[in-house]
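Student: I have not seen this structure before. Could we go through it one question at a time?

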Amino acid sequence: MPAMAIVWIIAAVVFAAAEAATVSLVSVWFVGGALLALGAVFLGWGVPAQLAVFVLASGALLAVFLPLAKKNTRKRRERTNADRLIGRQVLVTEAVDNLHETGAVKVNGVEWTAKAPSDAVIPTGALVTIERIEGAKLIVAPAEEKVKL
């Protein structure tokens, strides 16, 4: 077996191992390039031609299949009814204090933990507006208007 055949087999195995370790579609393209370069060895092509096959094949595989792979593996954001809470005004049921990691508001009869966008303490009974949701916490800011029913 030619020495370059062993080099391309080792390269393919290393790239495959790297892909298996990362599982992020980083080096899978180079596995195909290494295998095609291995084919060039058996066709009797020289090392410069093998390198050219490796580079061109890897680039072509990357250009063609990466967009398809990303499209099919993209995480789709699940919309929930919680998105409807943004912009609502509610009363604070437990003082919101980021430093002490306390805070709660009640929305539609359900108590949510709350956090302020700044380190200012929002007292119990204060009217706040829900700005966004981060995980299971509502990010609330003091409101200026009356509660909307």
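Tutor: We can begin with a charged pair. Glu 134 forms a salt bridge with Arg 132, and their closest N and O atoms are 2.9 Å apart. Keep in mind that this is a predicted model.

Student: Which residues are linked with Glu 134 in a network of salt bridges?

Tutor: Side chains of opposite charge can pair when their charged atoms come close. Arg 132 pairs with Glu 134, and the side chain of Arg 132 also meets that of Glu 131, at 4.0 Å from N to O. The count of salt bridges comes to two. The residues linked with Glu 134 in the network are therefore Glu 131 and Arg 132.

Student: What is the relative accessibility of Glu 134?

Tutor: Partly exposed residues lie between the 20% and 50% limits. Arg 132 is partly exposed, with a relative accessible area of 37%, and Glu 131 is partly exposed at 37%. Glu 134 also counts as partly exposed, and its value is 41%.

Student: Which strand gives the most to the largest nonpolar core?

Tutor: The largest nonpolar core has 16 residues, and those with the most contacts inside it include Val 105, Ile 122 and Val 140. Strands E1 (89-97), E2 (102-107), E3 (110-115), E4 (127-134) and E5 (137-142) each supply at least two of its residues. The strand that gives the most, with three residues, is E1.

Student: How many residues are in the second, separate core?

Tutor: Among the residues of this second core are Ala 5, Ala 12, Ala 34 and Val 41. Ala 34 and Val 41 are also among the buried residues of helix H2. The number of residues in the second core is ten.

Student: Which helices do the buried residues of H2 pack against?

Tutor: Helix H2 runs over residues 28-42 and reaches 22 Å from its first C-alpha to its last, close to the 21 Å expected. Its buried residues include Trp 29, Val 31, Leu 38 and Ala 40. They pack against helix H1 (3-22) and helix H3 (47-73).

Student: Which residue just after H2 takes a positive phi?

Tutor: H2 covers residues 28-42. The phi in question is about 85°, and the residue just after H2 that takes it is Gly 44.

Student: Which helix gives the most to the nonpolar patch?

Tutor: The surface patch is about 700 Å² and is made by Met 1, Ile 6, Ile 9, Ile 10, Val 13, Val 14 and Phe 42. One of these, Ile 10, lies in helix H1. With five residues, the helix that gives the most is H1.

How values were computed. Residues numbered from 1 in each chain as written. Predicted model: local features only at pLDDT ≥ 70, side-chain atom pairs only at ≥ 80, totals over all residues. Heavy atoms only, no water. Helix = DSSP H or I, 4+ residues; strand = E, 2+ residues; numbered from the N terminus. Expected span 1.5 Å × (residues − 1). Buried < 20%, exposed > 50% of the residue type's maximum accessible area, 1.4 Å probe, protein only. Contact = heavy atoms within 4.5 Å. Patch = residues over 30% accessible without salt bridge, like charges linked within 9 Å, V, L, I, M, F, W, Y side chains within 5 Å. Areas by Shrake-Rupley, 256 points an atom, 1.4 Å probe, with all protein chains shown as cover. Core = buried A, V, L, I, M, F, W, Y, C linked by side-chain atoms within 4.5 Å.
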